[in-house]
Amino acid sequence: MARQHGEAEPGRPAHGTIPAGRPPDPADAGIGLLTLVERTLGTGTAVYVPGDGWIRLTLPLDDGGPAPVTVDVIADTRRTARGIAYLLPGAGLNFGSGFFTPSHLNLAHRLRREGLLVVGVTPREDAATLQDIGPDRGLAAHLRDLAGVVEALDGALGLPYQYVGHSAGALLALDAAAHDDHPA
């Protein structure tokens, strides 16, 4: 039988339990959570930006492709995350322009204040040159990139998660949910 999302399995406690070594202080948990995300995905130059009650990690995933997938993670420093919202921008947009503007009144902060770890996945095309974009870049490629991020973070964090998309990102969210056995 397949593991239900959030269930304990070897090397990972059930959702809602605090594994040994994870800091109990919510501020430390937010920063520690981003450090864990960076170590889990860690294939690029990480940039941390602190805010009032939150911290942002931007990590381009350099996997040898022509351009990186960029992952932005917003963690609350006042409370522990109870789940993950994967935010998927529309065509021609990135996480920052689609979900992180204006700077304090945006969807990313709204979801963070609701207790979710916000993970924005920006497609490779955002950092690509015109020569880098070919017929192999499309919904199937975006789905593979997203699945790699989700699988890695699910294995490390074990939090329930949902997909949220705008425009073409909504199509990706629907496709990802249709192919995923684990979302909440």
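## A strand enclosed, and the sheet around it

Seven of the seven residues of strand S5 are buried, so S5 is largely enclosed by the rest of the structure. That is a good place to enter this predicted model. In a regular strand, side chains alternate between the two faces of the sheet. S5 shows two such sets. Leu116, Val118, Gly120 and Thr122 point one way. Leu117, Val119 and Val121 point the other way. Residues of both sets are buried.

Now step back to the chain. It holds five helices and six strands. Along the sequence they follow the pattern α-β-β-β-β-α-α-β-α-β-α. The chain has 184 residues, and 42% of them count as buried. Its exposed area is about 9300 Å², with carbon and sulfur atoms supplying 57% of that.

Next comes the sheet. Its six strands form an open sheet, ordered S1-S2-S3-S5-S4-S6, with mixed pairing. Strand S1 (47-50) and strand S6 (161-165) stand at the edges. Each has a single partner strand, so one side of each is left without a neighbour in the sheet. From one strand to the next, the twist averages 20 degrees.

Strands of a sheet pair through backbone hydrogen bonds, either parallel or antiparallel. Both kinds appear around S5. Strand S3 (residues 69-76) and S5 (residues 116-122) run antiparallel, joined by five bridges. Asp72 has Gly120 of S5 as its bridge partner. Thr70 has Thr122 of S5. On the S4 side, S4 and S5 run parallel, and five bridges join them. There, Ala85 stands opposite Val118 in S5.

Move to the S1 edge. Four bridges join S1 to S2, and the two strands run antiparallel. Val49 has Arg56 of S2 as its bridge partner. S1 and S2 make a hairpin with three residues between the strands. In this hairpin, Gly53 takes a positive phi near 90 degrees.

Helices pack on the sheet. Helix H4 (residues 139-157) touches strand S2 (54-61), S3, strand S4 (83-88), S5 and S6. The direction of H4 makes about 165 degrees with that of S4. Helix H5 (residues 168-179) also packs on the sheet, touching S4 and S6. The direction of H5 makes about 150 degrees with that of S6.

Where does Leu41 sit? Leu41 is found in helix H1 (residues 26-41). Is Leu41 buried or exposed? Its relative accessibility is 8%, under the 20% cut-off, so Leu41 counts as buried. Leaving aside residues up to four places away in sequence, Leu41 touches Leu59, Leu61, Val71, Val149, Ala152 and Leu153. Leu41 and Gly148 are 107 residues apart in sequence, yet 9.3 Å apart in space, C-alpha to C-alpha. Long-range contacts can be counted for the whole chain too. Among contacts between residues at least 6 apart in sequence, 62% join residues at least 24 apart.

End at the surface. Leu139 lies in helix H4. With a relative accessible area of 40%, Leu139 is partly exposed. Together with Leu171 and Leu174, Leu139 forms a nonpolar patch on the surface. The accessible area of these three leucines together is about 320 Å².

Technical notes. Residues numbered from 1 in each chain as written. Predicted model: local features only at pLDDT ≥ 70, side-chain atom pairs only at ≥ 80, totals over all residues. Heavy atoms only, no water. Pairing = 2+ DSSP bridges. Axes fitted to C-alpha atoms, helices over the stretch in contact; angles between N-to-C directions. Contact = heavy atoms within 4.5 Å. Patch = residues over 30% accessible without salt bridge, like charges linked within 9 Å, V, L, I, M, F, W, Y side chains within 5 Å. Areas by Shrake-Rupley, 256 points an atom, 1.4 Å probe, with all protein chains shown as cover. Salt bridge = Lys/Arg side-chain N within 4 Å of Asp/Glu carboxyl O. Buried < 20%, exposed > 50% of the residue type's maximum accessible area, 1.4 Å probe, protein only.
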